[in-house]
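Hello,

Here is the structure for your files. My notes follow below it.

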Amino acid sequence: MIKNILFDFGGVIITLDQKEAMRRFGMLGVPDVEKRLDAYTQAGIFGDVEDGKISADEFVAELSALCGREVTWDECKWAWTGYKKDVPKRNIDILVRLRKMGYRLIMVSNTNPFMMSWACSREFSRGLDDGCPEGKPVSDYFDVCYKSYEIGAMKPSSDYFKHVLEHEKINPAESLFVDDGAGNVKAAASFGLKTFCPVNGEDWTETLMSLLEKENDM
(Lines give C-alpha, C1' and ligand atoms only; values in the text may rest on other atoms or scores of the structure.)
Protein backbone atom coordinates (compact mmCIF):
# COMPACT_ATOMS: atom_id res chain seq x y z
CA MET A 1 0.00 0.00 0.00
CA ILE A 2 1.23 3.48 -0.91
CA LYS A 3 1.39 5.86 2.05
CA ASN A 4 3.87 8.47 0.82
CA ILE A 5 4.12 10.33 -2.48
CA LEU A 6 7.34 12.13 -3.41
CA PHE A 7 6.77 14.80 -6.03
CA ASP A 8 9.33 16.56 -8.19
CA PHE A 9 8.59 20.28 -8.53
CA GLY A 10 9.69 21.44 -11.99
CA GLY A 11 8.12 19.39 -14.77
CA VAL A 12 5.54 17.80 -12.46
CA ILE A 13 3.92 20.36 -10.15
CA ILE A 14 4.78 23.23 -12.50
CA THR A 15 5.29 23.10 -16.25
CA LEU A 16 8.84 23.95 -17.31
CA ASP A 17 9.88 26.21 -20.19
CA GLN A 18 13.60 25.75 -20.72
CA LYS A 19 13.66 27.92 -23.86
CA GLU A 20 12.25 30.90 -21.99
CA ALA A 21 14.81 30.50 -19.21
CA MET A 22 17.62 30.36 -21.78
CA ARG A 23 16.20 33.42 -23.54
CA ARG A 24 16.14 35.40 -20.30
CA PHE A 25 19.66 34.44 -19.24
CA GLY A 26 20.79 35.25 -22.78
CA MET A 27 19.24 38.71 -22.43
CA LEU A 28 21.26 39.22 -19.25
CA GLY A 29 24.39 38.55 -21.28
CA VAL A 30 25.22 34.93 -20.41
CA PRO A 31 27.42 33.51 -23.21
CA ASP A 32 26.76 30.00 -24.62
CA VAL A 33 23.61 29.81 -22.52
CA GLU A 34 22.35 26.68 -24.30
CA LYS A 35 25.41 24.79 -23.03
CA ARG A 36 24.98 25.94 -19.45
CA LEU A 37 21.30 25.27 -18.76
CA ASP A 38 19.50 21.95 -18.63
CA ALA A 39 15.92 20.95 -17.88
CA TYR A 40 17.00 18.50 -15.15
CA THR A 41 20.52 19.04 -13.81
CA GLN A 42 22.52 22.27 -14.18
CA ALA A 43 26.27 22.66 -14.64
CA GLY A 44 28.88 25.28 -13.69
CA ILE A 45 27.67 28.10 -11.46
CA PHE A 46 24.08 27.15 -12.31
CA GLY A 47 24.65 23.70 -10.86
CA ASP A 48 26.68 25.09 -7.96
CA VAL A 49 23.80 27.25 -6.70
CA GLU A 50 21.34 24.34 -6.99
CA ASP A 51 23.83 22.02 -5.29
CA GLY A 52 24.33 24.47 -2.43
CA LYS A 53 28.03 24.92 -3.22
CA ILE A 54 27.56 28.66 -3.59
CA SER A 55 24.97 31.01 -2.06
CA ALA A 56 22.47 33.09 -4.00
CA ASP A 57 24.61 36.21 -3.46
CA GLU A 58 27.71 34.37 -4.68
CA PHE A 59 25.77 33.27 -7.76
CA VAL A 60 24.83 36.89 -8.46
CA ALA A 61 28.50 37.90 -8.22
CA GLU A 62 29.70 35.06 -10.45
CA LEU A 63 26.95 35.64 -13.00
CA SER A 64 27.93 39.31 -13.10
CA ALA A 65 31.50 38.31 -13.88
CA LEU A 66 30.30 35.93 -16.55
CA CYS A 67 28.13 38.62 -18.17
CA GLY A 68 30.76 41.33 -17.87
CA ARG A 69 28.37 43.68 -16.05
CA GLU A 70 26.67 44.01 -12.68
CA VAL A 71 23.62 41.77 -12.53
CA THR A 72 21.09 42.24 -9.73
CA TRP A 73 19.42 39.65 -7.50
CA ASP A 74 16.05 40.53 -9.02
CA GLU A 75 17.41 40.03 -12.53
CA CYS A 76 18.63 36.59 -11.54
CA LYS A 77 15.20 35.75 -10.12
CA TRP A 78 13.54 36.99 -13.32
CA ALA A 79 15.82 34.78 -15.42
CA TRP A 80 15.46 31.66 -13.25
CA THR A 81 11.68 31.98 -13.11
CA GLY A 82 11.69 31.84 -16.89
CA TYR A 83 11.59 28.09 -16.27
CA LYS A 84 8.09 28.60 -14.85
CA LYS A 85 5.65 28.23 -17.73
CA ASP A 86 2.55 27.71 -15.59
CA VAL A 87 1.07 26.03 -12.54
CA PRO A 88 -1.89 23.94 -13.74
CA LYS A 89 -4.85 24.28 -11.39
CA ARG A 90 -5.47 20.53 -11.68
CA ASN A 91 -2.12 19.93 -9.95
CA ILE A 92 -3.05 22.15 -7.01
CA ASP A 93 -6.42 20.43 -6.79
CA ILE A 94 -4.91 16.94 -6.65
CA LEU A 95 -2.37 17.91 -3.99
CA VAL A 96 -5.23 19.16 -1.81
CA ARG A 97 -7.22 15.99 -2.55
CA LEU A 98 -4.34 13.62 -1.79
CA ARG A 99 -3.62 15.23 1.58
CA LYS A 100 -7.30 14.93 2.50
CA MET A 101 -7.05 11.24 1.58
CA GLY A 102 -4.28 10.83 4.14
CA TYR A 103 -1.19 10.54 1.95
CA ARG A 104 2.06 12.07 3.16
CA LEU A 105 3.22 14.44 0.42
CA ILE A 106 6.93 15.15 0.05
CA MET A 107 8.43 17.63 -2.41
CA VAL A 108 11.83 16.58 -3.77
CA SER A 109 13.37 19.17 -6.05
CA ASN A 110 16.58 20.25 -7.74
CA THR A 111 16.10 23.96 -7.28
CA ASN A 112 17.63 27.23 -6.11
CA PRO A 113 16.85 30.21 -3.85
CA PHE A 114 15.67 32.36 -6.77
CA MET A 115 13.04 29.91 -7.94
CA MET A 116 11.97 29.18 -4.38
CA SER A 117 11.59 32.88 -3.54
CA TRP A 118 8.63 32.78 -5.94
CA ALA A 119 7.40 29.27 -5.05
CA CYS A 120 7.51 30.00 -1.32
CA SER A 121 5.26 33.04 -1.70
CA ARG A 122 1.51 33.40 -2.15
CA GLU A 123 2.17 34.04 -5.84
CA PHE A 124 2.69 30.31 -6.28
CA SER A 125 -1.01 29.40 -6.25
CA ARG A 126 -2.75 32.79 -6.39
CA GLY A 127 -6.12 32.33 -8.07
CA LEU A 128 -5.69 28.55 -8.34
CA ASP A 129 -6.72 27.26 -4.91
CA ASP A 130 -10.50 27.30 -4.45
CA GLY A 131 -10.04 27.22 -0.69
CA CYS A 132 -7.57 30.11 -0.69
CA PRO A 133 -7.91 32.36 -3.78
CA GLU A 134 -5.25 34.76 -2.47
CA GLY A 135 -2.76 31.93 -2.83
CA LYS A 136 -0.42 29.88 -0.66
CA PRO A 137 3.30 29.02 -0.81
CA VAL A 138 4.19 25.60 -2.21
CA SER A 139 5.14 24.41 1.27
CA ASP A 140 1.50 24.63 2.33
CA TYR A 141 0.64 21.80 -0.07
CA PHE A 142 3.28 19.40 1.26
CA ASP A 143 4.14 17.85 4.58
CA VAL A 144 7.82 18.57 3.93
CA CYS A 145 9.96 20.01 1.13
CA TYR A 146 13.49 18.83 0.28
CA LYS A 147 15.42 21.37 -1.79
CA SER A 148 18.74 20.46 -3.38
CA TYR A 149 20.50 23.68 -2.40
CA GLU A 150 19.62 23.10 1.26
CA ILE A 151 20.58 19.42 1.19
CA GLY A 152 23.85 19.99 -0.66
CA ALA A 153 23.09 17.32 -3.27
CA MET A 154 21.04 17.00 -6.43
CA LYS A 155 19.01 14.20 -7.94
CA PRO A 156 19.92 11.67 -9.25
CA SER A 157 22.82 11.41 -6.79
CA SER A 158 22.54 8.72 -4.14
CA ASP A 159 23.34 11.36 -1.49
CA TYR A 160 20.08 13.13 -2.28
CA PHE A 161 17.96 10.00 -1.93
CA LYS A 162 19.82 8.83 1.17
CA HIS A 163 19.20 12.20 2.81
CA VAL A 164 15.46 12.11 2.11
CA LEU A 165 14.97 8.50 3.15
CA GLU A 166 17.06 8.83 6.31
CA HIS A 167 15.19 11.95 7.41
CA GLU A 168 11.74 10.67 6.50
CA LYS A 169 12.23 7.15 7.87
CA ILE A 170 9.67 5.87 5.36
CA ASN A 171 9.40 2.44 3.78
CA PRO A 172 10.40 2.80 0.09
CA ALA A 173 7.97 -0.01 -0.83
CA GLU A 174 5.16 2.16 0.54
CA SER A 175 6.30 5.24 -1.35
CA LEU A 176 5.69 6.51 -4.89
CA PHE A 177 8.27 8.78 -6.54
CA VAL A 178 6.91 11.06 -9.30
CA ASP A 179 9.46 12.82 -11.53
CA ASP A 180 9.67 13.80 -15.20
CA GLY A 181 13.39 12.95 -15.36
CA ALA A 182 14.16 9.39 -16.47
CA GLY A 183 17.53 9.43 -14.69
CA ASN A 184 15.93 10.53 -11.44
CA VAL A 185 13.28 7.82 -11.70
CA LYS A 186 15.94 5.17 -12.34
CA ALA A 187 17.89 6.31 -9.28
CA ALA A 188 14.75 6.30 -7.12
CA ALA A 189 13.90 2.75 -8.24
CA SER A 190 17.36 1.59 -7.15
CA PHE A 191 16.38 2.60 -3.59
CA GLY A 192 13.24 0.50 -3.78
CA LEU A 193 10.82 3.37 -4.41
CA LYS A 194 7.89 2.77 -6.73
CA THR A 195 8.07 5.24 -9.61
CA PHE A 196 6.01 7.18 -12.13
CA CYS A 197 7.60 9.30 -14.88
CA PRO A 198 5.11 11.72 -16.47
CA VAL A 199 6.06 14.05 -19.33
CA ASN A 200 6.62 17.73 -18.55
CA GLY A 201 3.34 19.58 -19.07
CA GLU A 202 1.04 16.59 -19.44
CA ASP A 203 -2.03 15.99 -17.29
CA TRP A 204 -0.77 13.18 -15.07
CA THR A 205 -3.48 13.42 -12.43
CA GLU A 206 -5.80 10.62 -13.62
CA THR A 207 -2.89 8.27 -14.28
CA LEU A 208 -1.57 8.90 -10.78
CA MET A 209 -4.93 8.17 -9.19
CA SER A 210 -5.17 4.95 -11.21
CA LEU A 211 -1.68 3.91 -10.08
CA LEU A 212 -2.58 4.54 -6.45
CA GLU A 213 -5.81 2.58 -6.78
CA LYS A 214 -3.96 -0.33 -8.38
CA GLU A 215 -1.16 -0.36 -5.79
CA ASN A 216 -3.54 -0.08 -2.87
CA ASP A 217 -5.71 -2.94 -4.17
CA MET A 218 -2.76 -5.34 -4.27
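Which helices do the buried residues of helix 1 pack against? They pack against helix 2 (33-36), helix 3 (44-50), helix 4 (56-67) and helix 5 (73-80). Please keep in mind that this is a predicted model.

The buried residues in question, within helix 1 (residues 18-28), are Glu-20, Ala-21, Met-22, Arg-24, Phe-25 and Leu-28. Just after helix 1 comes Gly-29, with a positive phi of about 110°.

Next, the sheet. It is open, has 5 strands in the order 5-4-1-6-7, and its pairing is parallel. Strand 5 (144-147) and strand 7 (194-196) are at the edges; each has a single partner strand, so one side of each has no neighbour in the sheet. From one strand to the next, the twist averages 20°.

At the strand 5 edge, strand 4 (residues 104-109) is paired with strand 5 in the parallel sense over 4 bridges. Met-107 has Cys-145 in strand 5 as its bridge partner.

Two helices in contact with these strands are worth listing:

- Helix 9 (residues 158-168) packs on the sheet and touches strand 1 (4-7), strand 4, strand 5 and strand 6 (175-178). The direction of helix 9 makes about 155° with that of strand 5.
- Helix 11 (residues 205-217) lies across strand 1, strand 6 and strand 7. Helix 11 runs at about 160° to strand 7.

Strand 1 and strand 6 are thus listed for helix 9 and also for helix 11.

Regards

How values were computed. Residues numbered from 1 in each chain as written. Predicted model: local features only at pLDDT ≥ 70, side-chain atom pairs only at ≥ 80, totals over all residues. Heavy atoms only, no water. Pairing = 2+ DSSP bridges. Axes fitted to C-alpha atoms, helices over the stretch in contact; angles between N-to-C directions. Contact = heavy atoms within 4.5 Å. Buried < 20%, exposed > 50% of the residue type's maximum accessible area, 1.4 Å probe, protein only.
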